[in-house]
Amino acid sequence: MRYILQSEWYKLRKSKIIFIIFTSPLVGLFLGLTTQLVNEMEGNEWYLSLFTMNVTYALLFLPLITGVLASIICRYEHQEGGWKQLLALPVTRGKVFVAKYVLLMFLVLFMQLLYFVAIYLVGWINGFTDPFPMDIVWKSILGGWVATFPLVALQLWMSILFKSFAAPFTVNVIFTLPTILAVNSEKFGPYYPWAQPFAMMNVGGNVGDVFFIPWEQLLTVVGGSFLLFFIGGYMYFQRKPV
Amino acid sequence: MEYVIKTEGLTKKFGKETAVDRLDMKIRKGEIYGFLGPNGAGKSTTIRMLLGLMKPDSGMVRVFNKDLKKERIHILKRVGSLVENPSYYPHLTAYENLEALRKILRVSEARIHEVLEIVRLSDVAHKKVKGFSLGMKQRLGIAVSMLHQPELLILDEPTNGLDPSGIIEIRNLIQRLPEEYGMTILISSHLLSEIDQIATTVGVISKGKMIFQDSIHAMRKHSRQTIILKVNDGKRAEHILQGKGIYANYQDSMLLLSKLSDQKVAEIVRMLVQNGLAIYRVEEKQSSLEDIFLQMTREEA
Amino acid sequence: MLRQLLVADFLKIKRKGFWLLTFLGPLGVVALQMVNYGLRKDYLLQQSDNDWEYYLSNVHSFTPLALILGIAIFTSIIANIENETNAWKQLVSLPVSKMSVYLSKFTALASLLLVSSILLMVFTLLFGVFLDLGEEIPYVELFQYSFYPYFAALPILSLQLWIAIVSKNQGIPITTGVLGVVFAYSAYYLPDWMIWKWPSLMNAWGEPVVNALLGVGLGCVLYLVGMFDFVRRDVK
């Protein structure tokens, strides 16, 4: 398993993935510096900045870009017979799938950390003097990451299934756009997997909860959809003709 | 008898079409096994099943006397392969392509240089593969297949798209392997001429069925000799022979006679001379392996 | 020549899901409002005195996003049809000019998006009537909300087509599309010169038609830039 991971990383780092990872802090800076609302709220000035940044980031950017990452990690396998070469090596398909997934999740985590840096920079550029709300920022960064577990699993599945970039991206768009409405609904929002990055990065949520959402929601919605998509993709990959 | 590869009743269907039909393949250690058949006969499908890339609908595959279904990983550690068109990662250099696979196969780094040397790609080791010619990609594919010093090498149409000198080069390379490294080799082709000089055993597949499997010498015995007679009046000669119950075929001013003993030939010549015909030439023609191969696959079709 | 190329392009995009997406895009935009109004119609009707206009603006809140993502998807697929089979060299070796090859692709996509916009108008109208929002249907606004975003998005189409055609790696145009949708969602805060703001029809003058006209103008300019770059490049 360790060897497959090393090999996957070796192939990936030579693809232009780093440019895509770095769109994350850039989007963070853009959102933080342009979407300035007049601060009429009482309390910590970081909150408002954080709130406005996280909305667009978690609602649209994070779910969509993770799909792009998943497509890139499969691109070079689709291109010139990579799958058949890889799977004729002494490896199991299961391990290859898990390795790709694990690597993707590390990349998303790294992206979240870069976004964290962007948040800090936005405050620094704006000259915030209030104390940095470390516990809240930390929660939203890690929460957003955890919320992408099921989304990445589905996108990896779709990216293995389709050769083109456009097809898995279309699937991603179809599920991501309704999130904008879903988060307005108290009835449906909590059950919609694509709304979870927003829910878990929403600093306005209940601070008492781990990651701003109740444990039950985390386990059932995020955990449940993760299992569904991960097992679905895993099973599909076992059968995929190469 | 111990076989390196042994399949029994191997069958694969795509919808209604049977791509591989109850195939029994037997390859002994140290052989260079030529797997022959026209395009679309089921060669690549068979090879994919040998590597576990595809699952057979029925039948079984044993490699190194182990069941492929149960011990795939163990088996693949000792097998190198090149399936159809060469596979590669276009965004990586030749060296990096090998390095990515080496990380899984756990062989020494020096081995990369060795295999690049063997296929003579050392000079371009640090160039991206997407700029390679087809022949270079094919050679890289062979380098990949030999990276972990496998005991069994499975090469699917390795000379596809190569120029004549490239074909000869690869042929020489493959020929060396069994002696020098004790490898067993399965090499597929749709042209017998490409492998008749190196294969020790051949298997001929047509429409998914194995229609011949034996040593290359046995295949040569299938060849029919033909006696060719050139005479001044072929029509009359044909008539005379037919009157004696000897079947002859007159075409292109030649008289063709098949499978005759030396005595019989002498008798025929005497007969024709006595009838006042002038005999210009008596020749023996051996049909080539290619003819036999074509004849075999045609008969089946 | 262009006509034959267009016929060929429409043949090539068969079974690639273009027509389905052309239909699905506007349907999705209206379907979101079906869910929205289905769940909380009473609440939404209370929000405004003019129910039709409020409904149209609700539909329009998704139009720019769907347009931008749709453009990213369309341009990526149409470029990939030639990329994945290495067909550029074959196409360009035909007795046609490279300019018309490019124009044909652009025209094919612009036509599909126009069909999408027509469908958007039809679906919006149908569901609006179904909702029974009042006797007076604001046809002018309906027309504006259906077609102005399309014209305002033409520069994005030109840009995305250019990027998609010159990129070997389709991750690049798709990522551009993702950034575009992030911009479009922040349209309110963007300066007027950012093209991703235009489909929102917001501007300093409060005149939506400005965005449509600017879109056609800059769309042509960016189209020409992309085309000349394509003509200049060697075909691999």
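Guide: UniProt positions are given here in the numbering of this model, and such annotations may be inferred rather than shown by experiment. The model itself is predicted.

Visitor: Which residues of chain C does UniProt place under the feature "transmembrane region"?

Guide: The feature comes from an unreviewed UniProt entry and covers several separate spans of chain C. In the model, residues 102-127 of chain C are 100% helix and 0% strand, while residues 147-165 of chain C are 95% helix and 0% strand. The record lists residues 18-39, 59-81, 102-127, 147-165, 172-190 and 210-231.

Visitor: How many Å apart are the end C-alpha atoms of residues 102-127 of chain C?

Guide: This span is helix throughout, at 100%, with 0% strand. From one end C-alpha atom to the other, the separation is 38 Å.

Visitor: Is Lys89(C) buried, partly exposed or exposed?

Guide: Lys89(C) lies in helix α5, residues 88-93 of chain C, and joins Lys16(A), Lys128(B), Lys130(B) and Lys168(C) in a patch of positive charge on the surface. Buried would require under 20% relative accessible area and exposed over 50%. Because its relative accessibility is 46%, Lys89(C) counts as partly exposed.

Visitor: What is the phi of Arg106(B)?

Guide: Most residues other than glycine have a negative phi. Arg106(B), in the loop between α3 (94-105) and α4 (110-118) of chain B, has a positive one although it is not a glycine. The value is about 55 degrees.

Visitor: How many Å separate Ile279(B) and Val231(B) in space?

Guide: Ile279(B) is found in strand β15, residues 279-286 of chain B, and stands 48 residues from Val231(B) in sequence. Taken C-alpha to C-alpha, their distance in space is 4.5 Å.

Methods: Residues are numbered from 1 along each chain as its sequence is written. Chains are lettered from A and ligands numbered from 1 in the order in which they are written. This is a predicted model: local features need pLDDT of at least 70, side-chain atom pairs count only at pLDDT 80 or more; totals for chains, interfaces and linings use all residues. Side-chain values use heavy atoms; hydrogens and water are left out. Patches are made of residues with over 30% relative accessible area and no salt bridge: like charges are joined within 9 Å, nonpolar side chains (Val, Leu, Ile, Met, Phe, Trp, Tyr) within 5 Å. Accessible areas come from the Shrake-Rupley method with a 1.4 Å probe; for residues, only the protein chains shown count as cover. A salt bridge is a side-chain nitrogen of Lys or Arg within 4 Å of a carboxyl oxygen of Asp or Glu. Lys and Arg count as positive and Asp and Glu as negative; His and the chain ends are not counted. The place of a charge is taken as NZ of Lys, CZ of Arg, CG of Asp or CD of Glu. Helices (H or I, at least four residues) and strands (E, at least two) are DSSP runs, numbered from the N terminus. Buried means under 20% relative accessible area, exposed over 50%, partly exposed in between (1.4 Å probe, protein chains only).
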